[in-house]
Each structure stands twice: as C-alpha cells, then as structure tokens.
Amino acid sequence: MLDAAPEPVGASGLILNEPPLWERGRTGRSAISVPNPGVPSSPMPQDVAGDGPDWPDLSELEVVRHYTRLSTWNFGVDTGMYPLGSCTMKYNPKVHEALAALPGFTRAHPLLPAEASQGALRLIHETERLLADVVGLREASLQPAAGAHGELCGMLMIAAYHRHHKTGKTKVLVPDTAHGTNPATAAMCGFSEVKVPLGPDGRIEVPAVADLLDDDVAAIMVTNPNTLGIFESNLPEISRMLHERGALVYGDGANLNAVMGRVDMDKMGVDVIHYNLHKSMSTPHGGGGPGSGPVAVGERLVPYLPGPRVVKTADGSFAWNDDLPLSIGRLHAFHGQFGIFLRAYAYLLSLGKDLPQASGFAVLAANYVQEKLKDAYDLPFAGRCMHECVFTDAKQREFKISTLDIAKRLIDLGYHPPTIYFPLVVNGAIMIEPTETESKEELDGFIAAMRRIAQEAAGEPDVLHAAPALTKVGRLDETAAARKPKLTGDMGQDA
C-alpha cells in the first residue's frame, strides 16, 4: 500500500498565448541602442540586397517574453518525471554541463596538432578505457556519433572480420525484441535478416537459436536487457553456440542503464557492444542531438576498430595512430561529439565505483512501479523486470479505453506519458522506465496517477476520451498532423 495517494502535480493555471514574432513586431522598435557611427550611411545596392528577410522590429522585453512564454509550453526532465521506456530520460547533473563548457576544451580547434591537444587526447583515451571497463571488454572507440551509428560501426566490424577470414557468411539472427534499426543495419552491412522468435517468458530460447544456426550465420544482434525489460539469461549459452560455428555476437547497449558495471559482457560472449551516452552517461537526450554511440569490443574485433586511434606513447604523451591495416576506417569527421565525451567522462569519474549502484536503483525503481501497478494494469510477462516494465491496456479495453487514452490523461495529471505501443510484440504496450534519478515520492505520485486513471476508465471513461483537457491545445488529430502539418502561425479553425 502507498502511504497516501499524492495529489497530481498537474493543475490548471496560467496558459500564455504567444503569437509569431512577425505579428508582435511594430516598425521602429528595437532591442538595442546602436551608437552613432559618425560616418554617413551607405545603403546596400538593391541588386545585391534584394528584398531581404522581413525581420520583425521588437523591443528587448518582447524578445525575452516571447522565448520565455514558449519555454513554458515545453516539458523536460527538469520539469518533471519523463518515464519513456527504452530511452532512459534521466536527470543530468548540472556540474557536468559546467565541465563541458570549460574554455580549454570548447575553444580547442580539431585541427590542432597532437602536441597542442594533449588534454583532449588524454580525455578521449581515458574515456575509452573507462567505457571498456564498464562492460568488461578489451578496447573502445568514441567515433560513432549516435546509437544507430555505433550499431552500424559494430556490424561493419563484424562484416570486416568475416571478409578477412573469408568465411562467406551471409545471415544475421535478429530477435523479435530487437530495436527497430537492427534489421536495417544488418542489411546495410550486406547481411540478410533471420528472425528469432521469443519464448513464453519474453526471452530468446536456446533451442530456437539452435534451429536457425547454420554455417551461413555471421552474427546475432541481441539487446540485453531486451526491449521488454527482461534480462536475456540464456545469452552465455547462445554465445557459446555461435562462437563454435564461427559467428559473432553483437550487443545492443541501448538498455545499458540496467547493467552498468554489473555485467561482464566478455564473459557473456559479447564481441561488440555500443553505448548510448545520451541514455546512460549523463549527456543530453533528444532535440535532434548531439548523441554519441561509442563501441567496445572483445579480443576478436580489436584490429577492426575505426581509426585513427589515440594511443599513449612510451614517454607518457598521447598521439594519433593511423597505422591500422584492418580498421574499418573513419566513421566521423574528426573524432566524434567531443562535448558529449566531456560529460560522460565527468559522470564516470564522479560515480566511480558507485556506478553499479545507479543501475541497482534503476532496477529497483522499475520493479517498485511494476509491483504497485500489476493489479490495475495487465502485465504480459510476470516476474522481475530490469530497468523498465511493460503493461498493456487489456484490462481497460472492456471500457473502450485504449493505451492512447491512458497516455493523454497522464498529461492532465502532470506526467509525461511513457512509451506507448512499443515494443511491437506486445499489443497495446505501456512501457515505463522510471530511471534511478527519481525519488520514491515522485514514483508514488506517478503510481497514484496511473491508478486513478485505471479507476476513471471503469467509472468515468468520458474523462479519458476527452483528455488532455488542461493543456494549451486539446487532443489533436495525430494522423492529420503527421500527413498535413501546419508550419505557419495561422492555426486556423481546423488545426
């Protein structure tokens, strides 16, 4: 039982309208006072200037209020809980942002010679070492610019390995719980996809892999924990089977937040894994970037890592090494998203040996949410989850309430909706990842809101059908919005 049902954090308050700047501007207004230059003006010739953009004339106060009001329409981790399953939207300490803004790094030009970039090279080298240690693998590379880029990097290395050894293998096993990019990445690297079905407990079963494993299989792509929030406990045996047939194991590290510093990927047989630094390592997430998707590899794939690589020389200095005959080559201009490396490096150093505790709290929080909601919502896979739990709308369907209705009502109660309708193998999925950074009080508030919605579904379904009702804009026609987006300030009556 909860100590008490907390009040929802959502409330009806000031909702400020804000027109486009062109509607607010008035000729002659200015946000700055420009001193008299003391020389005659000289207008640009019309044939050079053309008509030019119609910039609005605004006062400083109008500019400040415009962007401040727009900011009140946003929701982010600094506003409240953001329980997106499989995305790990957790709070990032502000001190890491401050460290990433150090001028010695932000003002360094990427074309500076190695002798003038020792601090940056050392940071790259040490961050790679730390990331490799987190998962128990041999070496790492920071070059890939995002998770899917890291995934591509991993599979390119596997393809290079098989070309080098002339194996002629053509197929990649992809479980039903794989992330959506996995089949596409396999195809981009010249492989064909072979689907691996899930067992009744949401895991890959050894016999299912054995039935599909032949001499044409080059690798398996496994997300562990998988997208159901379930740990793939059969992976060591599956890895052993693949290695015996000359195949490799790619680990999708999107859900690393559940196992950081706790699982030795080398002992589990993983040959390469990518990280999502924007999920697990205290770096920005969303808004179009920047992301970062480093990879770590075991002994088999070290020669194929992207280059050039930072190495520590005999005199203790750092240098670039591009003498890498088997490398898959450069994947990124210069060496990746350096500002993200700074944040991840700060995160890893600040937690140090306590890093596994972060994963422990993430798993604890998810299991707490699952336990408190399993009587109110359908739980398709019973048992302990990892960092996220997956429910469905099966109990609410008898009242004609869908997962979408539940998500929209959560907005009125002050919570960003979790991931819905994913993973695709679960009908009406509601995927919740609370992360390790949320307090028990915050979790209790979210649980209370979800339980209230379950009660409303049975007794007041019209409330859910009309949600959200407290937002600036009510429920939108999302299909029409996707097919016919309105990109101007004139919203019109049919918006």
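**Cysteines, core and backbone exceptions**

No disulfides are present in this structure, which is a predicted model. A disulfide is a covalent bond between the sulfur atoms of two cysteines. Cys385 takes part in none; its nearest cysteine sulfur belongs to Cys389 and is 5.1 Å away. Cys389, likewise in no disulfide, has the sulfur of Cys385 as its nearest, at 5.1 Å. A pair counts as a disulfide when the two sulfur atoms are within 2.5 Å, so the 5.1 Å between Cys385 and Cys389 does not qualify. Cys385 has a relative accessible area of 4% and is therefore buried. Cys389 is buried as well, because its relative accessible area is 0%.

The next topic is the interior. In soluble globular proteins, nonpolar side chains tend to be buried together. Here the largest nonpolar core contains 53 residues. Those with the most contacts inside this core are Val135, Val209, Ile220, Met260, Met265 and Met281. Several elements give two or more residues to the core: the helices α6 (118–135), α10 (235–244), α12 (338–351) and α13 (355–373), and the strands β3 (192–196), β4 (217–223) and β6 (272–275).

Val135 can serve as an entry point to this core. Which residues does Val135 touch, once neighbours within four places in sequence are left aside? Its contacts are Leu256, Val263, Asp264, Met265, Asp266, Ile273, Tyr275 and Ala296. Met265, one of these contacts, is also among the residues with the most contacts inside the core.

The backbone has some exceptions to the usual geometry. Most residues other than glycine have a negative phi, and most peptide bonds are trans. A cis peptide bond links Asn224 to Pro225, with omega about 0°. Pro225 sits in the loop between β4 and α10, and both of these elements give two or more residues to the core. Another cis bond, again with omega about 0°, joins Gly307 and Pro308. The loop holding Pro308 runs between β7 (295–297) and β8 (309–312).

Positive phi values occur at two lysines. Lys166 has a phi near 55° although it is not a glycine, and is located in the loop between α7 (147–164) and β2 (171–175). Lys166 is exposed, because its relative accessibility is 73%. At Lys400, also not a glycine, phi is positive at about 60°. Lys400 belongs to the loop between β10 (389–392) and α14 (403–412). With a relative accessibility of 67%, Lys400 therefore counts as exposed.

Key: Residues numbered from 1 in each chain as written. Predicted model: local features only at pLDDT ≥ 70, side-chain atom pairs only at ≥ 80, totals over all residues. Heavy atoms only, no water. Core = buried A, V, L, I, M, F, W, Y, C linked by side-chain atoms within 4.5 Å. Buried < 20%, exposed > 50% of the residue type's maximum accessible area, 1.4 Å probe, protein only. Helix = DSSP H or I, 4+ residues; strand = E, 2+ residues; numbered from the N terminus. Contact = heavy atoms within 4.5 Å.
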